[in-house]
Amino acid sequence: MALDLVISGGTVVTAEKTFHADVGIRGEKIVELKAGLSGEKTIDAAGKLVLPGGVDSHCHIEQLSSMGVMTADDFYSATVSAAHGGTTTVIPFCAQHRGDVLAEVLADYHSRARAKAVIDYGFHLIIANPDERTLQRDLPAAIHSGVRSFKIFMTYERTRLTDEQILDVMAAARKNGALVMVHAENHGVISWLAGRMVNQGNTLPRYHAICHTRGAEAEAIERVVRFAELVDCPILIVHVSTPEGIEAIRQARARGLKVFGETCPQYLFLTAKDIDIGLQGALFCCSPPPRDEKAQEACWRGLKDGTLHVYSSDHAPYGMEGKLPKGEKTTFKEMANGVPGLELRLPLLFTYGKNRITLEEFVNLTSTRHAQTYGLYPRKGTIAVGSDADIAIWDPERKVTVETTHDRTGYTPYKGRVLTGWPITVLSRGEVIVADGKLAAERGRGQFLERAPSPALKPLGRDVPEIAQLKAWNTPLQL
Ligand code: DUC
Ligand code: ZN
Ligand code: ZN
């Protein structure tokens, strides 16, 4: 049967290897990978890199924050922005707030995303209300419907869970085969310092970075690792920002535990100095905050040695109303937390990673590992026969001076940077959705991805001494 489309003459890069081949596409799938293919249509990729589309496993889209602020992006604008940056799959969050019924939250996100997304998407959950119904009924049902991961918070007044609730949620994840993603920062440290700062009249955004201490991150990671060990539940620590936090993950892994780490562009490319520009620093505030050059180096090292497993955007897009709701009177405690990053995640790493990571590592960190970790591989995250034809064709020499992006925040923290290397043509399931920088995708064409249990996330089957003792007494712990 004839091929519908051939991407010819390019250099294909996967997480394993770089090779010359044409990519033959029929319908939505890659069906051949070899030289000399011909098809109904051809895209000439001579001199270009042919990479799997990015998979962004941490982004907030059309989500209400715990403080009641809606993201500037909806499922249309966010996915359009992602596509322009070479990302073809997103996994945003369905956020349960205290008092919310999880099943209703999930249904609501499904209906909004279905109507608007231009690229494929899965979902994680945010669990803020782990009541009986959530734990026994809605969470297992969601997991079995392909939403196989959820995030919990150790800080934020309105979303944080108690230690007992964290253990409950981990037990539900363990029983039903899901991954727990953790926002690990010590709540007491942050709120104690923040209270003192505001009382002293220190209200500018720069004090946000003071309150979210390095130690607060490391302490929470160390604590939650012990919980995960007790329940024998794999976890992924999101948005890791400090050498101390990375070291805590490294040590957990050295003890053989399944503890994964994630970092984001803001921890590689921004520092706390970006926040220290008066009130406008709010535009650079996220949690945890960007740190310093030493922390950036630690993040690069963590990515290189695998302690940090994935590189995601943590796109949390808020416009000026979310950032400065009270104008000049806004204190750092009232700003919406987060920075946009969906579109520039890949071009930033491509540019600044040149002398640090290989092209294969680039693909692994931006695409393949996400698909593997979150149960989408090999449908997503690679260029292989049988995979979805989700492909970004990169011009490695294209220079772009960052001015604006396609999201709706109205700003980018990376304005003025000169990036080298850009995805010029992007395909999703065989369809060109960005052609030489121009959108060619219809609203609502993106599909929901029911995710499989990830083989990487099987529990270890290793008990802490107390759980082993219970088993020896024939009175095992009931999760
Ligand atoms: N955590 C996130 O993951 N994103 C934005 C803000 C936050 O605290
Ligand atoms: Zn978080
Ligand atoms: Zn986030």
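This report describes the zinc sites, selected helices and some unusual backbone geometry in a predicted model.

## The two zinc ions

In this predicted model, the zinc ion (ligand 2) takes its protein donors from Lys151 through NZ, His183 through ND1 and His239 through NE2, at distances of 2.1 to 2.2 Å. Along the sequence these donor residues follow the spacing K-x31-H-x55-H. The pair of Lys151 and His183 links distant parts of the chain, since Lys151 belongs to strand S12 (residues 149–153) and His183 to strand S13 (residues 179–183), with their positions 32 residues apart in the numbering. Lys151 and His183 are both buried.

The zinc ion (ligand 3) is coordinated by NE2 of His58, NE2 of His60 and OD of Asp314, at 1.9 to 2.0 Å, and the spacing of its donors along the chain is H-x1-H-x253-D. His60 lies in the loop between strand S8 (54–59) and helix H1 (75–84), whereas Asp314 lies in the loop between S16 and H11, so the pair ties together parts that are 254 residues apart in sequence. Both His60 and Asp314 are buried. The zinc ion (ligand 3) and the zinc ion (ligand 2) are 4.3 Å apart.

## Asp314 and Asp232: positive phi away from glycine

Most residues other than glycine have a negative phi, and most peptide bonds are trans. Against that background, Asp314, already met as a donor to the zinc ion (ligand 3), has a positive phi of about 50 degrees although it is not a glycine. The loop that holds Asp314 runs between S16 and helix H11 (320–323), and the relative accessible area of Asp314 is 7%, which is why Asp314 is classed as buried, the cut-off being under 20%.

Asp232 is a further residue other than glycine with a positive phi, here near 55 degrees. Asp232 is found in the loop between H7 and S14, and with a relative accessible area of 7% Asp232 is likewise buried.

## Two cis peptide bonds

The peptide bond from Ser287 to Pro288 is cis, its omega being near -10 degrees, and Pro288 sits in the loop between helix H9 (265–269) and H10. A cis peptide bond also joins Tyr377 to Pro378, with omega near 5 degrees; Pro378 is placed in the loop between helix H13 (359–373) and strand S17 (391–401).

## Helix H8 and its surroundings

Helix H8 comprises the twelve residues 243–254, and the span from its first C-alpha to its last is 16 Å, close to the 16 Å expected at 1.5 Å a residue. Its buried residues include Gly245, Ile246, Ala248, Ile249 and Ala252. Viewed down the axis of H8, the buried residues fall within an arc of 155 degrees, so they line one face of the helix. Among the elements that cover the buried residues of H8 are helix H7 (214–231), strand S14 (235–237), strand S15 (259–263), helix H10 (293–305) and strand S16 (308–311). After H8 comes Gly256, which has a positive phi near 85 degrees.

Two packed helices are described by the angle between their axes and the distance between the axes. For H8 and H10 the packing angle is about 25 degrees and the axes are 9 Å apart. Because angles under 35 degrees count as roughly parallel, H8 is described as roughly parallel to H10. On the H8 side the contact is made by Pro243, Ile246 and Arg250, and on the H10 side by Lys294, Ala295, Ala298, Cys299, Gly302 and Asp305. Ile246 thus appears both among the buried residues of H8 and in the contact with H10.

## Helix H12 and the exposed Glu132

Helix H12 (residues 345–352) is mostly covered, with seven of its eight residues buried. Those buried residues are Arg345, Leu346, Pro347, Leu348, Leu349, Phe350 and Thr351.

Glu132, by contrast, is exposed, with a relative accessible area of 57%, and is located in helix H3 (residues 132–144). From C-alpha to C-alpha, Glu132 and Ala21 are 54 Å apart in space, while in sequence 111 residues separate their positions.

Technical notes
Residues are numbered from 1 along each chain as its sequence is written. Chains are lettered from A and ligands numbered from 1 in the order in which they are written. This is a predicted model: local features need pLDDT of at least 70, side-chain atom pairs count only at pLDDT 80 or more; totals for chains, interfaces and linings use all residues. Side-chain values use heavy atoms; hydrogens and water are left out. Donors are N, O and S atoms within 2.8 Å of the metal (3.2 Å for Na, K and Ca); water is not among the atoms, so sites may look incomplete. Helices (H or I, at least four residues) and strands (E, at least two) are DSSP runs, numbered from the N terminus. Buried means under 20% relative accessible area, exposed over 50%, partly exposed in between (1.4 Å probe, protein chains only). The expected span of a helix is 1.5 Å times one less than its number of residues. The arc is that of the directions from the helix axis to the C-beta atoms. Contact means heavy atoms within 4.5 Å. Axes are lines fitted to C-alpha atoms, for helices over the stretch in contact, and angles run from 0 to 180 degrees between N-to-C directions. Angles under 35 degrees count as roughly parallel, over 145 as roughly antiparallel, 65 to 115 as roughly perpendicular and the rest as oblique.
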